[in-house]
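Trainee: Can you walk me through this one? I have the picture open and no idea where to start.

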Amino acid sequence: MENYKALKDAGIITVSKVDDKYYTTRKTFDTDTGVAKDDVVSEIDLSVVKYDLVYINKNIETETQRKVDWEEFETDLEAL
């Protein structure tokens, strides 16, 4: 979840589990007045979270290798 740590630290989002189902509760505010509005509760599918983590980790590995390749290429060019 994007910005989860910041939202959690600010007390804007919480997570809960009820009968083997996971939920987030997010505080919302009127953008004009700043007055609190009704909280938004969303059910979360843990399998989707796990899938996203696998995808992100795969991209990290790919991007890390890409970075190594580009750095070596840069080094070789600068050595000329």
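Mentor: We will go from the elements to the overall form, then to the hairpin and the surface; keep in mind that this is a predicted model.

Trainee: How many helices and strands are there in the protein?

Mentor: There are 2 helices and 3 strands. From the N terminus on, the order is α-β-β-β-α.

Trainee: And is the protein a compact globule or more spread out?

Mentor: The protein is more spread out than a compact globule, because its radius of gyration is 21 Å, well over the 12 Å that the globule rule gives for 80 residues. Along the principal axes, the C-alpha atoms fill a box of roughly 65 × 35 × 15 Å.

Trainee: What share of the residues is buried?

Mentor: Buried residues make up 4% of the 80. As for contacts between residues at least 6 apart in sequence, 2% join residues at least 24 apart.

Trainee: Switching to the strands. How do strand 1 and strand 2 run?

Mentor: They run antiparallel, with 6 bridges joining strand 1 (residues 13-18) to strand 2 (residues 21-26). As one of the pairings, Thr-14 has Thr-25 in strand 2 as its bridge partner.

Trainee: What sits between those two strands in the hairpin?

Mentor: The hairpin has 2 residues between the strands, and Asp-19 takes a positive phi near 50°.

Trainee: Last topic, the surface. How much is accessible?

Mentor: About 7200 Å², and 55% of that belongs to carbon and sulfur atoms.

Trainee: And the charges, how many of each?

Mentor: The protein has 11 positive and 19 negative charges, and their mean positions are 7 Å apart.

Notes
Residues are numbered from 1 along each chain as its sequence is written. This is a predicted model: local features need pLDDT of at least 70, side-chain atom pairs count only at pLDDT 80 or more; totals for chains, interfaces and linings use all residues. Side-chain values use heavy atoms; hydrogens and water are left out. Two strands pair if DSSP finds at least two bridges between them. Helices (H or I, at least four residues) and strands (E, at least two) are DSSP runs, numbered from the N terminus. The radius of gyration is taken over C-alpha atoms; the globule rule is 2.2 Å times the number of residues to the power 0.38. Buried means under 20% relative accessible area, exposed over 50%, partly exposed in between (1.4 Å probe, protein chains only). Contact means heavy atoms within 4.5 Å. Accessible areas come from the Shrake-Rupley method with a 1.4 Å probe; for residues, only the protein chains shown count as cover. Lys and Arg count as positive and Asp and Glu as negative; His and the chain ends are not counted. The place of a charge is taken as NZ of Lys, CZ of Arg, CG of Asp or CD of Glu.
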